[in-house]
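Here are some short exercises for working through a protein model at your own pace. Try each task on the structure before you read its solution.

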Amino acid sequence: MKRREILSAALFVAILAGFVWALSLYFLPKDNTAEAGIQNVRPNGFLSEPENSLDYVIFGDSIPLVGISPLEIWKNWGYTGYDCVDTGQNAEMSAILLEHVLERQTPKVVFMETNHLYKGYSAEDILTLRLERAVPVLQYHDNWKFLKPAQALRPVNYTLDVQGKGFYLRKLIVGTDPGDYMAPSDYNDPLPEQSCRSLERIAELCREKGVQLVLVSVPSPVNWNDACHRAVAGVADSMNVPYLDLNLVDIGIDWSQDTMDAGDHLNITGTVKVCAYLGEYLADTGLMKDKRLDPAFDGWNRDVADFEAAAATVEDAL
């Protein structure tokens, strides 16, 4: 190939890259609201938190979505956190979301709930997620339906403060008798290979940023057993990260009262017990300070009051 042809090809690629970059800037949501085109509104609520203000973040699926309340932990310990979780989330989604979080926040601890590590996905799924992360126009191309030039070209300003800091409150009680669901066994239920690779990348991100990665299993008789515990404990040991399996810790869970769907997910009374344990764990790390009396964090006290007032007016969910 002649030099002129090489230069022409290089120029074409550069122009195309510039065009794609400009389109990405145009279609990229300028706010973290559904109206602005943001996808997965609840886990992306962290975007409106002041930079470098979060002490810890939580990743996972529907299990921590209803099982870990950052405002409950704030109320009793004064630590700031956010539930970067969503129904159907897998480990690769968590890895990409963690990258996004670490661009804006410097958490001391990352809790990775283990149930979502068992969600399978393919190499093609990873490629799609990575391309969408690198080229936002691929993810947000549908925004053309409602974007106006004045809106699309304005500066980014994230304004949505998600009530509950990503937590989804459930009051419904549908009890169960789980039996001895964590009885010791000789079985090992290994994590999917892709999840292990994503988890290794998550661990590397945490090491690079000086963040303590902690694997945690929220109590769930429907989803957890000794075979899962043995597999995750082995992974945690190989990665040299702490693993908190609350299915094996007596935190006072009453399965006749603390579950909303017969042992699949916790309700608010179960959540309070999980948060009591995790709050003590965070306190024992010595990595964070109680900010409840810090005027810079008065908004958190107001958020607790607003959330509890709203929760008192609904029968089941918030």
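A contact here means heavy atoms within 4.5 Å. This is a predicted model, in which local features need pLDDT of at least 70 and side-chain atom pairs count only at pLDDT 80 or more, while totals for chains, interfaces and linings use all residues. Residues are numbered from 1 along each chain as its sequence is written, and side-chain values use heavy atoms, with hydrogens and water left out.

**Exercise 1. The whole chain**

Task: Find how many helices and strands the protein chain has, and what share of its residues is buried.

Solution:
- Step 1. Start with the secondary structure, taken as DSSP runs numbered from the N terminus (helices are H or I, at least four residues; strands are E, at least two). The protein chain has 11 helices and 5 strands.
- Step 2. Next comes burial: buried means under 20% relative accessible area, exposed over 50%, and partly exposed in between, with a 1.4 Å probe and protein chains only. Of the 318 residues in the chain, 47% are buried.
- Step 3. Now look at the surface, using accessible areas from the Shrake-Rupley method with a 1.4 Å probe, where for residues only the protein chains shown count as cover. The chain exposes about 15300 Å², and carbon and sulfur atoms supply 56% of that area.
- Step 4. Finish with the contacts between residues at least 6 apart in sequence: 84% of them join residues at least 24 apart.

**Exercise 2. The sheet**

Task: Work out the strand order of the sheet and name its edge strands.

Solution:
- Step 1. Two strands pair if DSSP finds at least two bridges between them. Strand β1 (residues 56–60) pairs with β2 in the parallel sense over 5 bridges, and valine 57 has tyrosine 82 of β2 as its bridge partner.
- Step 2. Strand β3 (residues 109–113) and strand β4 (residues 212–217) also pair in the parallel sense, over 5 bridges. Here valine 109 stands opposite glutamine 212 in β4.
- Step 3. Put together, the 5 strands form an open sheet with parallel pairing, in the order β2-β1-β3-β4-β5. Its edge strands are β2 and β5 (243–245), each of which pairs on one side only.

**Exercise 3. An edge strand**

Task: Decide whether strand β2 is enclosed or open to solvent, and sort its residues by the way they point.

Solution:
- Step 1. In a regular strand the side chains alternate between the two faces of the sheet.
- Step 2. On β2, Gly81, Asp83 and Val85 point one way, and Tyr82 and Cys84 point the other way.
- Step 3. In β2 (residues 81–85), 5 of the 5 residues are buried, so the strand is largely enclosed by the rest of the structure.

**Exercise 4. Salt bridges**

Task: Find which parts of the chain the salt bridge between lysine 291 and aspartate 55 ties together, then look at a second pair in a helix.

Solution:
- Step 1. A salt bridge is a side-chain nitrogen of Lys or Arg within 4 Å of a carboxyl oxygen of Asp or Glu. The structure holds 13 of them.
- Step 2. In the pair of lysine 291 and aspartate 55, the closest N and O atoms are 2.7 Å apart. Lysine 291 lies in the loop between α10 (268–285) and α11 (298–311), and aspartate 55 in the loop between α1 (3–27) and β1, so the pair ties together parts that are 236 residues apart in sequence.
- Step 3. Check burial: lysine 291 is buried at 14% relative accessible area, and aspartate 55 is buried at 4%.
- Step 4. For the second pair, glutamate 204 and arginine 207, the closest N and O atoms are 2.8 Å apart. These two are 3 residues apart in helix α8 (residues 193–209), so about one helical turn separates them. Glutamate 204 is partly exposed at 34%, whereas arginine 207 is exposed at 52%.

**Exercise 5. A buried histidine**

Task: Locate histidine 116 and list what surrounds it.

Solution:
- Step 1. Histidine 116 sits in the loop between β3 and α5 (123–134), and at 0% relative accessibility it is buried.
- Step 2. Leaving aside neighbours within four places in sequence, histidine 116 is in contact with Phe59, Gly60, Asp61, Gln89, Asn90, Ala91 and Ser94.
- Step 3. A polar contact is a pair of N or O atoms within 3.5 Å; within protein, one must be able to donate a hydrogen and the other to accept it, and residues adjacent in sequence count only if both atoms are side-chain atoms. One such contact, of 2.8 Å, joins the side chains of histidine 116 and serine 94.
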